[in-house]
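This report looks at internal space, nonpolar packing and backbone geometry in one protein chain. The sequence and the structure come first, and the discussion follows.

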Amino acid sequence: MNARALLVTLVLALGAEAAGAQGFAGLGVTEDGFALPDPNARFAYPDDHGAHPEFRIEWWYVTANLSGPDGTAYGVQWTLFRNALKPGGADSDQVWMGHAAISQPGGHLVAERLARGGIGQAGVVADPFHAFIDEWNIEGPSLSSVRIFAQGTDFAYDLDLKADAPFVPQGQNGYSVKSDSGQASHYFSQPFYRVSGVLTLPSGPVAVTGQGWLDREWSSQPLAETQTGWDWVSLHLDSGAKLMGYRLRDAAGDDYTVGTWIEPDGTPTPLAPGEIVLTPGKTARVAERSVPVAWRVEVPGREVDVTLAAIYPDSWMPTLVPYWEGPVRLSGSHPGVGFLEMTGYE
């Protein structure tokens, strides 16, 4: 398959608007024959660090809040997406997409890779862990201790990530509900990575340290047909606690908001729908779109009332399916840092 044909296939598979998507990026499309998330299933590590080709959609998603020697803030993203073209789980029926980015004072640096399955160009091995697309890699003896590398035409990064804390199931034991009509995914995180390494920027190399967050998620229809996008936050609070939350915007009714409160020792408490409130604030003009780059996040039951402000408002991902993703600073009841992702803004 040539590059142009692969691109068309990915657009169809991911449900871009030109292909008549249902829900954001086609994630509301139903298709018979794929596995469905099971609320009674429980994660098995390291097996669940690997791929689940019986499901239609899956991703390995790493973000990191980093600082240079002079205190300059940086944000890093490394993502590998797997999408099955049809049920059956064959390697040749998988398409892969990789995203890498650095948010930094000189502008948002982005690269994208596309691959097909079955030819050794992309894939994931659970134990020892290895996820790759072309020369981009996350690999190590386990997913708790990995080296991550990616590069684009004007940047690169080479980082070590280590965590001593357990992986954190999101939702009820890892069954994460996305709508009142019951769409769901299997979802867990590792929000306790300690990160160190080097960013290679247009201005030269920078040594960095900081905190990282991994999200692992797979499903076959994670959104309802009318859900037009989401606003997602992963927050590292100065207290040592972590907070994940998202608002799924629905063109047909009320938005759906859920999240997880994570204690410093890794103990999660799921937040029921509506228990976390995400309210957009100041907007900025980014990529010819009006995008909220400040948010108020409230969890009254935890006495959380914080304001998130984008460190670099221009953190737009001009990729096959475009979105905003970048680091934020927190002020208010629980200072800290984190990441914000916003999809479906036209």
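How many cavities of 30 Å³ or more does the count come to? In this predicted model, the count comes to two cavities of 30 Å³ or more.

The second largest cavity holds about 30 Å³ of space. Its lining consists of G75, V76, Q77, A101, I102, S103, H108, E325, G326 and F339, and the elements that give two or more residues to this lining are β2 (73–84), β3 (94–104) and β24 (323–332). By residue class, the lining of the second largest cavity divides into four nonpolar, five polar and one charged.

Nonpolar packing is the next topic. In soluble globular proteins, nonpolar side chains tend to be buried together. Here the largest nonpolar core has 42 residues, of which L66, W78, Y157, L159 and L199 touch the most other members. Strand β12 (residues 184–201) supplies the largest share of this core, namely five residues. Apart from the largest core lies another one, of 27 residues, including A241, A284, V328 and L330.

The surroundings of L66 can be given in detail: leaving aside residues up to four places away in sequence, L66 touches T72, A73, Y74, V76, L159, V195, L199, V208, T209, G210 and Q211. Two of these contacts of L66, L159 and L199, are also named among the residues of the largest core that touch the most other members, while V76, another contact of L66, belongs to the lining of the second largest cavity.

The backbone also deserves attention. Most residues other than glycine have a negative phi, and most peptide bonds are trans. The table lists four departures from these tendencies.

| Site | Backbone feature | Value |
|---|---|---|
| Y45 to P46 | cis peptide bond | omega near 10° |
| D127 to P128 | cis peptide bond | omega near -5° |
| D134 | positive phi | phi near 55° |
| N173 | positive phi | phi near 55° |

As for the cis bonds, P46 lies in the loop between α1 (3–14) and β1 (57–67), and P128 is placed in the loop between β5 (122–125) and β6 (129–133).

The residues with positive phi are also in loops: D134 lies between β6 and β7 (136–142), whereas N173 is found between β10 (168–169) and β11 (175–177). Are D134 and N173 buried or exposed? D134 has a relative accessible area of 33% and is therefore partly exposed, and N173, with a relative accessible area of 43%, is partly exposed as well.

Note on methods:
Residues are numbered from 1 along each chain as its sequence is written. This is a predicted model: local features need pLDDT of at least 70, side-chain atom pairs count only at pLDDT 80 or more; totals for chains, interfaces and linings use all residues. Side-chain values use heavy atoms; hydrogens and water are left out. On a 1 Å grid over the protein atoms alone, a cavity is a set of points where a 1.4 Å probe fits but cannot get out, and a pocket is an open set with protein on both sides within 12 Å along at least five of seven lines; lining residues have an atom within 4 Å of a point. Grid points are joined across faces, edges and corners, and a volume is the space filled by probe spheres set on the points. Helices (H or I, at least four residues) and strands (E, at least two) are DSSP runs, numbered from the N terminus. Ala, Val, Leu, Ile, Met, Phe, Trp, Tyr, Cys and Pro count as nonpolar, Asp, Glu, Lys and Arg as charged, and the others, Gly among them, as polar. A nonpolar core is a set of buried Ala, Val, Leu, Ile, Met, Phe, Trp, Tyr and Cys residues joined through side-chain atoms within 4.5 Å. Buried means under 20% relative accessible area, exposed over 50%, partly exposed in between (1.4 Å probe, protein chains only). Contact means heavy atoms within 4.5 Å.
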